[in-house]
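Me: I have a model open here and would like to talk through its cavities, pockets and charged contacts. Could you go through it with me?

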Amino acid sequence: MTLVLRHSHVAALLDRVAVLDAVEQAHSDLNTGGAQNPRPISMHAPDDGAVIGMAAELRTAELVAVKVLSDLPGNPAHGRPRQRSTIVVTSSVTGECIALIDGRAITAMRTAATSAVATKHLARADASTLGFVGAGNLAVEHARSIALVRPIDRIVVWSRSPQTVDGFREKVADMGIPVVTAESVDRVAAQADIVCTLTPSVTPILFGESLRSGMHVNAVGAAPRPDEREVDSAAMARSRIVVDSRATALAKSGDAMMAIAGGAITEADIAIELGDVISGRTIGRRGDDDITLFDSTGIGLQDLAAAALVIDRARATGVGTDIDMSA
């Protein structure tokens, strides 16, 4: 039987701590050979859209997944989200379709969880001020996830919309952490030990001249396109760069690809994967003065790690709809 899980099912089943642990283990498995995450494929869609296939295998769970991600810039004009996704999970042993899952909630939580894992392994141990460039729902999820790995006692936020900042402040009020509004992106960078860029900007919004010694950056918001980025070439050149997947970054990260094309960095600078640091194969932060930057493109293995948890919880609690696909 194939388990079908709607967005509401997935949102109710996700557990932030469990997802963080699962994503961390999955990246370690990718480094040691217990998982696979091939380079994604991309197909053109109307109006400069793209449909991306993100495949992964997690051998410990005996599962394979493909997330079909549609990135359609024309959608918002029609009242639809720019990105939509569906995750298909199959057994690597029998080939049976195990589950069909809406990808929205999983994508948000695994993205924040991956940033938190990167922060855990790359930010200074005493990093306590968290900065956000962008204050939407992804910022809320990042605040909750990163607070699990660092002693956050202050949050500094910038957004083009004051109403969005107000909404962010309300949604994280239960965390008991003061939220300060910054008048510019530069002011976020000037105050924060950890900065997360979480905007849909297609041109740089965080610049190298704003980076400070010892800070950590999670560059997250740019769509997986080689011509869109939030971080400029100078910022990439000043940073010790870590990526979720080298193959994916060199195919889909505009932050990386445009910096390489402009000669600010080379492909050799995109050599450290998050799994390398988790497993201890490579040192992430070499000292307190390093500027570390996690270039988060997003990979199918992160989706699969979270999906495996959701499937187990759904089976245990009787959530979702079973369909016989072979009937």
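Me: Let's start inside: which residues line the second largest cavity?
Reply: Keep in mind that this is a predicted model. The lining of the second largest cavity is made up of Asn37, Pro38, Pro40, Met54, Ala55, Thr248, Gly298, Ile299 and Gly300, and the space they surround has a volume of about 30 Å³.

Me: How does that lining divide by class?
Reply: The second largest cavity has five nonpolar and four polar residues in its lining, with no charged residues.

Me: And how many cavities of 30 Å³ or more are there?
Reply: There are two cavities of 30 Å³ or more, and the largest cavity holds about 50 Å³ of space.

Me: Which residues lie nearest the centre of the largest cavity?
Reply: Those are Ala222, Ser253, Asp255, Asp295 and Ser296, out of a lining of 13 residues. By class, that lining has five nonpolar, four polar and four charged residues, whereas the lining of the second largest cavity has no charged residues.

Me: OK, on to pockets. What volume does the largest pocket have?
Reply: The largest pocket has a volume of about 1,600 Å³. It is lined by 49 residues, and the closest to its centre are Gln83, Arg104, Thr107, Ala108 and Leu138.

Me: Which element gives the most to that lining?
Reply: That is H3, which contributes seven residues to the lining of the largest pocket. The elements that each supply at least two residues to this lining also include helix H1 (7–13), strand S4 (49–58), strand S5 (63–71), strand S6 (83–91), helix H4 (137–146), H5 and helix H8 (246–252). By class, the lining of the largest pocket divides into 21 nonpolar, 17 polar and 11 charged residues.

Me: What about the second largest pocket, which residues line that one?
Reply: The second largest pocket is lined by Ser42, Met43, His44, Asp48, Gly49, Ala50, Pro224, Arg225, Pro226, Asp227 and Lys252. Two or more residues of this lining come from strand S3 (41–45) and from S4, and S3 gives the most, with three residues. About 180 Å³ of space lies in this pocket, and its lining divides into four nonpolar, three polar and four charged residues.

Me: Asp48 is in that list. Where does Asp48 lie, and what is its phi?
Reply: Asp48 lies in the loop between S3 and S4, and its phi is near 65°, a positive value in a residue other than glycine. At 54% relative accessibility, Asp48 counts as exposed. Asp47 is found in the loop between S3 and S4 as well, has a positive phi of about 60° although it is not a glycine, and is exposed with a relative accessible area of 64%.

Me: Which residues is Asp48 linked with through salt bridges?
Reply: Asp48 belongs to a network of salt bridges that links it with Asp71, Arg82, Arg225 and Glu228. Of these, Arg225 is also one of the residues that line the second largest pocket, together with Asp48.

Me: How many salt bridges does the structure hold?
Reply: The structure holds 16 salt bridges. One of them pairs Lys120 with Glu24, with the closest N and O atoms 3.1 Å apart. Lys120 lies in helix H3 (residues 104–122) and Glu24 in helix H2 (residues 16–32), so this pair ties together parts that are 96 residues apart in sequence.

Me: Is each partner in that pair buried, partly exposed or exposed, and what are the values?
Reply: Lys120 counts as partly exposed, at 36% relative accessibility, whereas Glu24 counts as buried, at 13%.

Me: What separates Arg169 and Asp166 along the chain?
Reply: Arg169 and Asp166 are three residues apart in helix H5 (residues 162–171), so about one helical turn separates them. Their side chains meet in a salt bridge with an N to O distance of 3.6 Å. Arg169 is partly exposed, with a relative accessible area of 31%, and Asp166 is partly exposed as well, at 48%.

Me: Last one: which residue does Arg187 meet in a salt bridge?
Reply: Arg187 meets Glu183, with 3.8 Å from N to O. Arg187 is partly exposed, at 35% relative accessible area, while Glu183 counts as exposed, at 61% relative accessibility.

Note on methods:
Residues are numbered from 1 along each chain as its sequence is written. This is a predicted model: local features need pLDDT of at least 70, side-chain atom pairs count only at pLDDT 80 or more; totals for chains, interfaces and linings use all residues. Side-chain values use heavy atoms; hydrogens and water are left out. A salt bridge is a side-chain nitrogen of Lys or Arg within 4 Å of a carboxyl oxygen of Asp or Glu. Helices (H or I, at least four residues) and strands (E, at least two) are DSSP runs, numbered from the N terminus. Buried means under 20% relative accessible area, exposed over 50%, partly exposed in between (1.4 Å probe, protein chains only). On a 1 Å grid over the protein atoms alone, a cavity is a set of points where a 1.4 Å probe fits but cannot get out, and a pocket is an open set with protein on both sides within 12 Å along at least five of seven lines; lining residues have an atom within 4 Å of a point. Grid points are joined across faces, edges and corners, and a volume is the space filled by probe spheres set on the points. Ala, Val, Leu, Ile, Met, Phe, Trp, Tyr, Cys and Pro count as nonpolar, Asp, Glu, Lys and Arg as charged, and the others, Gly among them, as polar.
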